[in-house]
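Hi everyone, thanks for making time for this. Please have a look at the structure on the screen, and I'll walk you through a couple of its features.

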Amino acid sequence: QLFIKDLHFDGVPVRIYLPRKPSASKRRGVVFIHGGCGIFGSIRSYERICRYIARKSDSVVVSVGYHLAPEQRYPAQTLECVTATVHFLKTAETYGVDPARIIVCGDSVGATFTASVCQELGQRTDIPKIRAQVLVYPFVQALNFNLPSHQKNAAVAFLTQERTVYYILKYLNKDCSLKEPILAGSHIPENINLKYREWINPDLIPDVFKLGYKPPLPASFSPEVHEQVPELFEPWVSPLLAEDAVICGLPDTCIVTCEHDVLRDDGLLYKKRLEDNNIRVTWHHVEKGFH
């Protein structure tokens, strides 16, 4: 049912899935960005998902094969996703796609990259606007690892609370012994805590998701830890920290969260942030879902 081809979009490896059946009008397009913490996963490991999306939605799907960390250092992954998306937006008609009907979609860190791509391209006037973004259990902030979902799902497979921080440090090519102080919150100075309190705060999580939650004791700030991880405060790692002017330029958004997932509250906080800036959000919560 599909014509599948490996290509390069401005040097970035992609696999494109085109429905074989002729279409009376131009098709929709999907840029798919896979998960895997930026350190594993591939076009091949997401083959079935991309085929499914292409068939079921009768869309042309472009799966982005960004190069993995730590061999390719941050932020190469985000930059490659931006490059591939821009190329597809500019050349969509070559593939029978309506450039005004292209969405960007990803899961886990793929959703982080999706959020970054949409933030990066939201203000551009030289390319078609992205129609929508789909964020499947996104990671959007590296400040607070003690939100209700982190606490509730700390030891739930496959992504535990500790592994989340460990993988971020691996992705950024940092010393993994920083895991414990970052889990405790020692990397955040008080002024940054105050600055982002209106966006990252357990009080913003609906009560139904806070049953049994115990606020942790405040951690003592460590300047040494803070100085080693400045990337955690950059919007390309923590898209939730982007300024309002950037958030206002985002397209319609679909966010998927799972109940048994440490990152559930990241999705909820990003949902609220977007809605506060009048971005139209559709939210799907999978009550028995895992990361």
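I'll talk about the two domains, then about one residue in a loop.

Please keep in mind that this is a predicted model. The protein comes in two parts: domain 1 covers 2-136, and domain 2 covers 148-233. If you take the centres of the two domains over their C-alpha atoms, they lie 30 Å apart.

So how do the two domains meet? Here, 11 residues of domain 1 touch 6 residues of domain 2. Together the domains bury about 790 Å², and 67% of that area is on carbon and sulfur atoms. Which three residues of domain 1 supply the most of the area it buries against domain 2? They are Cys37, Ile39 and Tyr74, with 53% of it.

Now for the kinds of contact. Between domain 1 and domain 2 we count 0 salt bridges, and the rule finds 0 residue pairs in polar contact across the interface, with both residues at pLDDT 80 or more. On the domain 1 side, the residues touching domain 2 are 7 nonpolar, 3 polar and 1 charged.

Let's move on to the loop. Leu147 sits between strand E6 (132-136) and helix H4 (148-152). Is Leu147 buried or exposed? Leu147 counts as buried, because its relative accessibility is 0%. Beyond its neighbours within four places in sequence, Leu147 has contacts that include Gln141, Asn201, Pro202 and Tyr213, and also Asp265, Asp266 and Leu269. Finally, Lys214 is 67 residues away from Leu147 along the chain, with 9.4 Å between their C-alpha atoms.

Thanks for listening!

Methods: Residues numbered from 1 in each chain as written. Predicted model: local features only at pLDDT ≥ 70, side-chain atom pairs only at ≥ 80, totals over all residues. Heavy atoms only, no water. Domains from an automatic or database assignment. Contact = heavy atoms within 4.5 Å. Buried area = accessible area lost by both parts, 1.4 Å probe. Salt bridge = Lys/Arg side-chain N within 4 Å of Asp/Glu carboxyl O. Polar contact = N/O pair within 3.5 Å; in protein donor to acceptor, adjacent residues only side chain to side chain. Nonpolar A, V, L, I, M, F, W, Y, C, P; charged D, E, K, R; others polar. Helix = DSSP H or I, 4+ residues; strand = E, 2+ residues; numbered from the N terminus. Buried < 20%, exposed > 50% of the residue type's maximum accessible area, 1.4 Å probe, protein only.
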